[in-house]
Amino acid sequence: MPDRLRVCALYPDLMNIYADRGNLLLLRRRCEWRGIGFELLRSDLGEPLDPDAADLFYVGGGQDRDQRLCAFDLAEVKRAGLHAAAERGAAMLAVCGGYQLLGHSYELGDETLPGAGLVDLRTVRSDGPRLIGNVAIEVDLGPEAGGRRVLAGFENHGGRTRLGPDAQPLGRVLRGHGNDGESGFEGVRRGNVLGTYLHGPLLPKNVWLADWLIARALGRAEPLAPLDDTLEASAHAEARRAAGV
Ligand code: GLN
């Protein structure tokens with residue numbers, strides 16, 4: 001059983017809106033506090049992805065401009081590696097702009113950006129208002145994650161994401177807009193691959209999700225050692241209060 005988590009951040013400079021990269025710091029700390037090694041790798045534009053080089057792949061949010069660069073790279077350079085990683089059960093977390101790019105396409109007016117095609121969803125940039133605010137969703141990642149739980153965070157996106165028939169949502173919207181402001185769905189889940197509009201500090205505010213990702217990425221059946229989460233629990237409570245849940 002590996003005692004080291006290898007995390008690969010995709011485009012950490014371009015896709016890092018709202019300091020989404022902070023999620024990586026949280027993963028590092030929670031591993032190190034438990035004596036689990038942590039290695040951070042990165043994959044930038046033009047670099048193919050080695051599906052076996054990491055246990056967890058991460059991509060943060062981005063502006064449309066930066067997403068454009070990454071979309072073609074994801075679809076052309078990294079697509080095969082990303083699919084192979086998902087097939088072998090690697091964990092993935094994609095936030096907002098990164099989440100949009102996991103799907104088939106992101107339509108911006110006359111232009112359609114390709115996606116990685118890893119999950120069955122499409123995103124269309126709307127002329128309507130941006131979907132902004134505190135958000136809480138109800139998620140059930142199974143008994144090992146404690147059954148039904150609340151993820152609380154913040155969203156800010158112009159894109160509306162619609163899930164296709166083969167996609168499962170990550171959760172149901174309790175407060176906020178979620179994928180499109182209408183469906184009541186938020187995010188996507190395909191096995192160990194998660195996509196969500198909830199920004200950093202997503203994991204610091206929802207440490208149970210961080211632990212679920214770590215356990216899945218390491219293929220651990222037994223629960224991770226508990227930590228003193230007093231501070232994290234109050235951040236979670238505050239995020240829920242802000243969302244009104
Ligand atoms: N540019 C995308 C949108 O506005 C994603 C934004 C983000 O990552 N916050 O929909």
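Here is a short back-and-forth about a predicted model and the labels its parts carry.

Me: What makes Y11 count as buried?
Reply: Buried means under 20% relative accessible area. Y11 has 1% relative accessibility, so the label fits. This residue lies in the loop between β1 and α1 (22-32). Its phi is near 45°, which is a positive value in a residue other than glycine.

Me: And C96, why is that one called buried?
Reply: Same kind of check. The relative accessible area of C96 is 5%, and the cut-off is under 20%, so C96 is buried. C96 is in the loop between β4 and α3 (97-102). Phi is positive here too, near 50°, and C96 isn't a glycine.

Me: How many disulfides are there, by the distance rule?
Reply: Zero. A disulfide needs a pair of cysteine sulfur atoms within 2.5 Å.

Me: Why does C8 have no such bond?
Reply: The closest cysteine sulfur to that of C8 belongs to C70, and it is 13 Å away, which is too far for a bond. C8 is also buried, since its relative accessible area is 7% against a limit of under 20%.

Me: Where does C8 sit relative to β3, and what is its bridge partner there?
Reply: The partner of C8 in β3 is F57. Strand β1 (residues 4-10) and β3 run parallel, joined by three bridges. Two bridges are enough to call strands paired, so β1 and β3 make the cut with three.

Me: What makes β3 and β4 a pair?
Reply: Again it's the bridge count: at least two are needed, and β3 and strand β4 (residues 91-95) have four, in the parallel sense. F57 turns up here as well, with M92 as its bridge partner in β4. Between these strands, the chain leaves β3, passes through helix α2 (residues 64-87) and arrives at β4 in a right-handed β-α-β crossover.

Me: How do you know that both faces of β3 are covered?
Reply: Look at the side chains of strand β3 (residues 56-59): L56 and Y58 are on one side, F57 and V59 on the other, and all of them are buried. In a regular strand the side chains alternate between the two faces of the sheet.

Me: Which sheet has six strands, and what are its edges?
Reply: That's the open sheet with the order β2-β1-β3-β4-β14-β13 and mixed pairing. Its edge strands are β2 (37-43) and β13 (188-190), as each of these pairs on one side only. From one strand to the next, the twist averages 15°. Helix α1 packs on this sheet and touches β1, β2, β3 and β4, with its direction at about 155° to that of β2.

Me: What joins β4 to β14?
Reply: Four bridges, in the parallel sense, link β4 and strand β14 (residues 193-196). One of the partnerships is A94 with G195 in β14.

Me: What makes β9 and β12 edge strands in the four-strand sheet?
Reply: The order in that open sheet is β9-β8-β11-β12, with antiparallel pairing. β9 (148-157) and β12 (185-186) each pair on one side only, and that earns them the name. Helix α6 (residues 230-243) packs on the sheet, touching β8, β9 and β11 (171-175), and its direction makes about 65° with that of β9. Strand β8 (residues 131-140) pairs with β9 over 10 bridges, antiparallel, and L131 has H157 as its partner in β9.

Me: Why is α5 called mostly covered?
Reply: Of its 12 residues, 11 are buried; among them are W208, D211 and W212. Helix α5 (residues 207-218) reaches 17 Å from first C-alpha to last, close to the 16 Å expected at 1.5 Å a residue. Right after α5 comes G219, with a positive phi near 65°.

Me: Last one: how do you know that G103 is buried, and what is it in contact with?
Reply: G103 has 0% relative accessibility, so it counts as buried. This glycine is in the loop between α3 and β5 (105-108). Neighbours within four places in sequence aside, G103 is in contact with G115, A116, G117, V119 and L121. G103 and A116 are 13 residues apart in sequence, yet their C-alpha atoms are 6.0 Å apart in space.

Methods: Residues numbered from 1 in each chain as written. Predicted model: local features only at pLDDT ≥ 70, side-chain atom pairs only at ≥ 80, totals over all residues. Heavy atoms only, no water. Buried < 20%, exposed > 50% of the residue type's maximum accessible area, 1.4 Å probe, protein only. Helix = DSSP H or I, 4+ residues; strand = E, 2+ residues; numbered from the N terminus. Right-handed = clockwise from strand over helix to strand, strands pointing away. Contact = heavy atoms within 4.5 Å. Axes fitted to C-alpha atoms, helices over the stretch in contact; angles between N-to-C directions. Expected span 1.5 Å × (residues − 1).
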